[in-house]
Number of protein chains: 2
Amino acid sequence: MNEKDELVRKEILDEAQKLFRHFGWSKTTMEDIAKAAGKGKSTLYYYYKSKDEIFDEVLTREMDEVFRKLQEEVNKVQTAEDKMRTLCLTRFNILKEKANLYNVIRGDIEANIPRLRDLHRRYELREISLVRNILRFGLERKEFAQYAADDIDSIAFAMVCAFRGLEVGLLVENKFAALEGRMDLINDILMRGLKTKNSDLSKE
Amino acid sequence: MNEKDELVRKEILDEAQKLFRHFGWSKTTMEDIAKAAGKGKSTLYYYYKSKDEIFDEVLTREMDEVFRKLQEEVNKVQTAEDKMRTLCLTRFNILKEKANLYNVIRGDIEANIPRLRDLHRRYELREISLVRNILRFGLERKEFAQYAADDIDSIAFAMVCAFRGLEVGLLVENKFAALEGRMDLINDILMRGLKTKNSDLSKE
DNA sequence: TTTGGACCGAAAAACGATTTTGGTCTAACG
DNA sequence: CGTTAGACCAAAATCGTTTTTCGGTCCAAA
């Protein structure tokens with residue numbers, strides 16, 4: 001596999017990405033992709049095993065881009081609380097421009113399609129990982145109380161689900177404009193909760 | 001409208017509920033319902049305007065039952081924190097036996113169907129109301145910090161969404177067994193957050 | 001009040017024919 | 001070796017037509 005090959009593969013993916021983005025999976029044919037890339041259909045199969053594989057790589061590229069950008073934004077702020085806030089607020093904005101990926105993540109697509117299940121899973125793991133890293137960061141800096149170290153994976157998972165639930169709840173009602181405020185709110189409460197040492201809890 | 005009428009209406013609803021529960025909306029016909037109720041189809045239309053109306057009343061009954069049970073369970077415990085916990089843990093167990101209602105609530109059903117939109121909305125308002133009441137209760141008892149009184153509605157909404165998000169996240173992965181632990185976790189953090197007075201926050 | 005039954009139109013389902021599409025394969029060409 | 005046109009295949013999708021179903025209306029009879 002040399003540079004020339006990589007170039008061809010990239011060209012195919014670039015064109016496929018545009019088409020998938022515009023027409024979606026079903027309406028984009030291999031013939032379409034071949035034409036757009038200025039190749040023969042046979043060439044597509046020389047470099048890729050199937051339409052599935054092309055789609056998978058396209059979405060993986062998008063996912064990589066999403067997490068690169070998220071990481072950049074998160075790195076711009078200094079506290080774990082701000083990082084978490086940034087993550088929540090930035091996530092939606094970045095994702096909404098990637099229709100196919102967003103649909104996969106939201107689970108709207110029938111979960112029985114193996115290729116989408118895998119993509120969904122991979123995305124989820126990365127997001128949870130990102131949140132976990134922020135939690136760890138906050139623990140190291142003593143920003144968060146030590147009790148949170150007990151089950152950091154579960155907390156990360158739960159938080160990802162919570163934020164996503166809020167996003168869905170607002171979008172169902174077309175209240176996108178309220179997203180920032182609401183995210184701030186739940187994030188604030190969670191942050192307070194994570195910062196509260198056992199010894200700080202009010203006595204009953 | 002007299003007692004006799006109410007009896008007939010109830011009988012129709014009882015049978016309809018069974019059928020909808022078993023066969024779902026689409027596969028249950030008015031003829032089916034009529035036969036099951038031992039009535040003529042014309043009788044159904046004498047008492048109800050349409051299939052939609054019957055469905056709506058069936059689901060409303062189920063909703064009433066759900067909230068009655070939830071309120072009972074919540075009333076059994078004494079602190080706002082325990083009430084919230086009970087709500088989270090009990091909700092799924094009660095709802096999972098009401099397939100049609102649960103589907104409406106989860107938003108899996110096409111949001112474009114007016115009758116389902118309304119049902120969904122009504123359920124949502126009631127659940128948020130329930131959470132709001134628990135929050136108020138916690139504020140009155142000084143269980144929760146006063147800052148939470150600033151926007152109690154938004155907090156209630158966000159919490160409902162968060163719990164629901166967690167539920168969805170776990171169910172997608174068939175991790176029903178982890179539901180209780182995870183709900184406890186996020187609830188714990190949220191409760192800590194709600195209990196933390198502004199003056200309790202660590203200084204940076 | 002109840003309801004069988006006729007009726008209607010729209011939607012859904014069924015059906016058979018046709019087309020499309022992902023994928024395979026091969027040989028020719030540079 | 002890389003590229004690819006084009007033949008080919010089976011399965012799936014699409015299409016147009018026909019048939020059936022179903023929610024709802026209506027009416028007259030008991």
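Modeller: Ala, Val, Leu, Ile, Met, Phe, Trp, Tyr, Cys and Pro count as nonpolar, Asp, Glu, Lys and Arg count as charged, and the others, Gly among them, count as polar. By that rule the residues of the surface near DNA strand C, in this predicted model, divide into four nonpolar, seven polar and three charged.

Colleague: What makes a residue count as near DNA strand C, and how many residues surround the strand?

Modeller: A residue is near a strand if one of its heavy atoms lies within 4 Å of it. In this model 14 residues surround DNA strand C, and the closest are A:Lys51, B:Ser42, B:Thr43, B:Tyr46 and B:Tyr47. Of the atoms of the strand that come within 4 Å of the protein, sugar and phosphate account for 60%.

Colleague: How do you know that A:Lys51 makes a polar contact with a phosphate oxygen of DNA strand C?

Modeller: A backbone N or O atom of A:Lys51 lies 2.7 Å from a phosphate oxygen of the strand, and a pair of N or O atoms must be within 3.5 Å, so this pair is a polar contact. The bases take part as well, since a polar side-chain atom of B:Ser42 lies 2.7 Å from a base oxygen of DNA strand C, and an N or O atom in the side chain of A:Lys41 is 3.0 Å from a base oxygen of DNA strand C. Helix H3 (41–47) of chain A and helix H3 (41–47) of chain B are the elements that give two or more residues to this surface, and H3(B) has the largest share, with four residues.

Colleague: Turning to chain A, why is the pair A:Asp14 and A:Arg61 called a salt bridge?

Modeller: The closest N and O atoms of A:Asp14 and A:Arg61 are 2.7 Å apart, and the limit between a side-chain nitrogen of Lys or Arg and a carboxyl oxygen of Asp or Glu is 4 Å, so the pair is a salt bridge. Chain A is divided into domain 1 (1–48) and domain 2 (59–198), and the count between these two domains is two salt bridges. Their contact takes eight residues from domain 1 and six residues from domain 2.

Colleague: How is the size of an interface often given, and what is the value between domain 1 and domain 2 of chain A?

Modeller: It is often given as the accessible area lost when the parts come together. Between domain 1 and domain 2 of chain A the buried area is about 610 Å², of which carbon and sulfur atoms give 33%. In domain 1, A:Gln17, A:Arg21 and A:Trp25 lose the most area to domain 2, together 71% of what that side buries.

Colleague: How much area is buried between chain B and chain A, and what makes B:Arg121 and A:Glu173 a salt bridge?

Modeller: The area buried between chain B and chain A is about 3000 Å², with carbon and sulfur atoms giving 63% of it, and the contact takes 33 residues from each of the two chains. As for B:Arg121 and A:Glu173, their closest N and O atoms are 3.0 Å apart, which is within 4 Å, and therefore the pair is a salt bridge. Helices H7 (114–140), H8 (152–172) and H9 (179–195) of chain B each supply at least two residues of the side that touches chain A, and H8(B) gives the largest share, 12 residues.

Technical notes. Residues are numbered from 1 along each chain as its sequence is written. Chains are lettered from A and ligands numbered from 1 in the order in which they are written. This is a predicted model: local features need pLDDT of at least 70, side-chain atom pairs count only at pLDDT 80 or more; totals for chains, interfaces and linings use all residues. Side-chain values use heavy atoms; hydrogens and water are left out. A polar contact is a pair of N or O atoms within 3.5 Å; within protein, one must be able to donate a hydrogen and the other to accept it, and residues adjacent in sequence count only if both atoms are side-chain atoms. Domain bounds come from an automatic or database domain assignment. Contact means heavy atoms within 4.5 Å. Buried area is the accessible area (1.4 Å probe) that two parts lose on being put together, summed over both.
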